[in-house]
Amino acid sequence: MHLQAVPILFIITSHVAAIVPPQPSVACVLGQLAPALPMSSYNTAKFARPLSLVDAVLGANASVTTIHGNLTQIKTLMPELQLPGVRLPPTPRDVEIELKHFEKRQSTCSNPRVRIEWDTYTDRDKQLYIDGIKCLMRARPSGRFPGSQNRYEDIVVLHQQNTPRVHGNAIFLLWHRYLLWTFEDMLRRECGFTRPLPWWDEARWSGRFQQSSVFSSRWMGTMLARGNCVTNGQFANLACNIGPGTRNQRHCLSRNGDEEKTANTRQSLTDVCNARPTFADMAACTEGGAHAWGHNGIGAVMQDVYASPSDPVFWLHHAYIDRNFRRWQDGDRGRRATTITGKDSTGRDLSLDTSISMNGIRADVRVRDVLNTQSSVLCYRYSY
Ligand SMILES: [Cu+2]
């Protein structure tokens with residue numbers, strides 16, 4: 001695959017131009033600009049409905065999953081979705097091997113990585129993080145994820161393939177926690193990223209996402225693209241080959257920001273969700289709470305559940321959701337990091353041994369391995 005370098009247009013402001021050297025663009029993976037798709041393209045099947053504050057207070061469950069079932073049933077309902085299982089990845093590593101690979105060879109996590117909030121993440125770290133993402137976008141795909149044109153898109157396909165199984169049910173937070181860890185691990189192992197992962201405190205920016213430097217022309221580009229291609233920032237004119245939904249059609253990174261929706265990432269809604277005592281109830285609330293509102297508020301590519309990781313902002317958003325989950329666990333670590341409630345997509349009760357699969361990018365693990373972020377498989381915490 002030929003990678004054509006196109007200079008990024010920088011909006012020259014006094015504090016920007018001097019510091020950020022022009023980076024080769026990831027815009028034109030095939031040498032020409034990809035089109036913006038109509039917003040209706042992104043109205044793909046939803047698995048959780050957005051909850052208002054009142055809904056959450058009244059105890060509503062966000063799950064609207066209509067696609068329950070095992071792989072065969074999902075395949076029947078969604079014939080165009082390329083699911084794993086037809087050809088399983090060769091020798092997925094099991095958790096014991098994963099433990100052997102645990103970087104620090106710690107039996108317990110004595111030196112956790114601390115994920116840093118975006119505003120206190122240094123400019124240098126921000127750039128290294130974005131460079132790491134671009135590195136994945138320029139790297140060759142593994143060939144094991146249908147439709148993927150680069151290594152970054154492998155993980156987008158991974159998410160797309162698993163969408164019906166990991167949204168709208170209690171595996172949601174656990175699976176995405178391990179997805180984020182997998183993404184971080186790809187940045188580290190494959191692109192030499194050495195810094196902590198950033199997270200973005202969306203409660204502080206609720207109703208005014210666009211005012212955050214996340215959406216500046218220096219970093220991720222505007223949120224207010226009105227459904228058009230994002231043409232500023234470091235992912236200007238990014239070409240996406242996965243999605244929307246279960247199909248794959250080449251398109252640009254677009255956003256359609258709506259601050260009335262982002263307003264619902266406010267702290268009060270998250271507090272209501274995190275006041276729910278059981279994991280399953282908290283998770284259902286969270287999925288339709290800050291999670292849904294962040295996705296829908298940013299809009300367009302982010303609004304499509306399946307391929308939303310095509311927008312690099314996805315990872316900042318999901319780190320925020322994972323951080324809120326961790327804060328809920330901190331309310332009773334003895335119980336909330338060691339037990340589980342809720343059901344999977346087939347209606348079976350989750351157990352500590354329920355498998356969490358990354359389709360071979362990393363080892364399959366079990367629920368018990370990701371409940372605690374400071375244990376032998378995961379080893380991180382949040383700056384606050
Ligand atoms: Cu997801």
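Is Arg 226 buried, exposed or partly exposed? The model in front of you is predicted, and its coordinates give a direct answer. Arg 226 has 13 C-beta neighbours inside 10 Å, so it counts as partly exposed. A residue needs 20 or more such neighbours to be called buried, and 12 or fewer to be called exposed. Arg 226 sits in the loop between strands E2 and E3. Its phi is positive, about 50 degrees, although Arg 226 is not a glycine. As background, most residues other than glycine have a negative phi, and most peptide bonds are trans.

The loop between E2 and E3 also holds Asn 237. Asn 237 is not a glycine either, and its phi is positive at about 60 degrees. Its surroundings can be judged by the count used above. Asn 237 has 21 C-beta neighbours inside 10 Å, and therefore counts as buried. Asn 237 can also be placed relative to Ser 254, which is 17 residues away along the chain. The C-alpha atoms of these two residues are separated by 8.4 Å.

A further backbone feature appears in the loop between E3 (residues 239-240) and strand E4 (residues 251-252), where Pro 244 is found. The peptide bond that leads from Gly 243 to Pro 244 is cis, and its omega is near 0 degrees.

Now consider the protein as a whole. It has 384 residues, of which 50% count as buried. Its elements comprise 13 helices and seven strands. Take the contacts between residues at least 6 apart in sequence: 70% of them join residues at least 24 apart.

Three of the strands make an open sheet in the order E2-E1-E7, and their pairing is parallel. E2 (residues 198-199) and E7 (residues 380-382) are at the edges and have a single partner strand each, so one side of each has no neighbour in the sheet. E1 covers residues 113-117 and pairs with E7 through three bridges. In one of the pairings between these strands, Arg 113 has Tyr 380 of E7 as its bridge partner. E1 is also joined to E2, by two bridges, and these strands run parallel. Here Glu 117 has Trp 199 of E2 as its bridge partner.

The helices can be followed in a similar way, beginning with H6 (residues 151-166) and H7 (residues 172-191). Their axes come within 12 Å and cross at roughly 170 degrees. Angles over 145 degrees count as roughly antiparallel, and H6 and H7 are therefore roughly antiparallel to each other. On the H6 side, the residues that meet H7 are Arg 151, Ile 155, His 159 and Val 166. On the H7 side they are Phe 172, Trp 175, Leu 179, Thr 182, Phe 183, Met 186 and Glu 190. A general rule helps in reading such lists: an α-helix has 3.6 residues a turn, so residues three or four places apart point the same way.

How far should the 16 residues of H6 span at 1.5 Å a residue? The expected value is 22 Å, and the end C-alpha atoms are 22 Å apart, which agrees. H6 nevertheless has a kink of about 30 degrees at Gln 160, shortly before the proline Pro 164. As for its surroundings, 16 of the 16 residues of H6 are buried, so the helix is largely enclosed by the rest of the structure. Just after H6 comes Gly 168, with a positive phi of about 75 degrees.

Helix H10 can be examined by the steps used for H6. It has 20 residues, 279-298, and at 1.5 Å a residue it should span 28 Å. Its end C-alpha atoms are 27 Å apart, which agrees with that value. H10 has a kink of about 40 degrees, centred on Ala 292. Of its 20 residues, 17 are buried, so H10 is largely enclosed by the rest of the structure. Gly 299 follows H10 and has a positive phi, near 80 degrees.

Note on methods
Residues numbered from 1 in each chain as written. Predicted model: local features only at pLDDT ≥ 70, side-chain atom pairs only at ≥ 80, totals over all residues. Helix = DSSP H or I, 4+ residues; strand = E, 2+ residues; numbered from the N terminus. Expected span 1.5 Å × (residues − 1). Bend = angle between axes of the 7 residues up to and from the residue. Pairing = 2+ DSSP bridges. Contact = placed C-beta atoms within 7 Å. Axes fitted to C-alpha atoms, helices over the stretch in contact; angles between N-to-C directions. Parallel < 35°, antiparallel > 145°, perpendicular 65-115°, else oblique.
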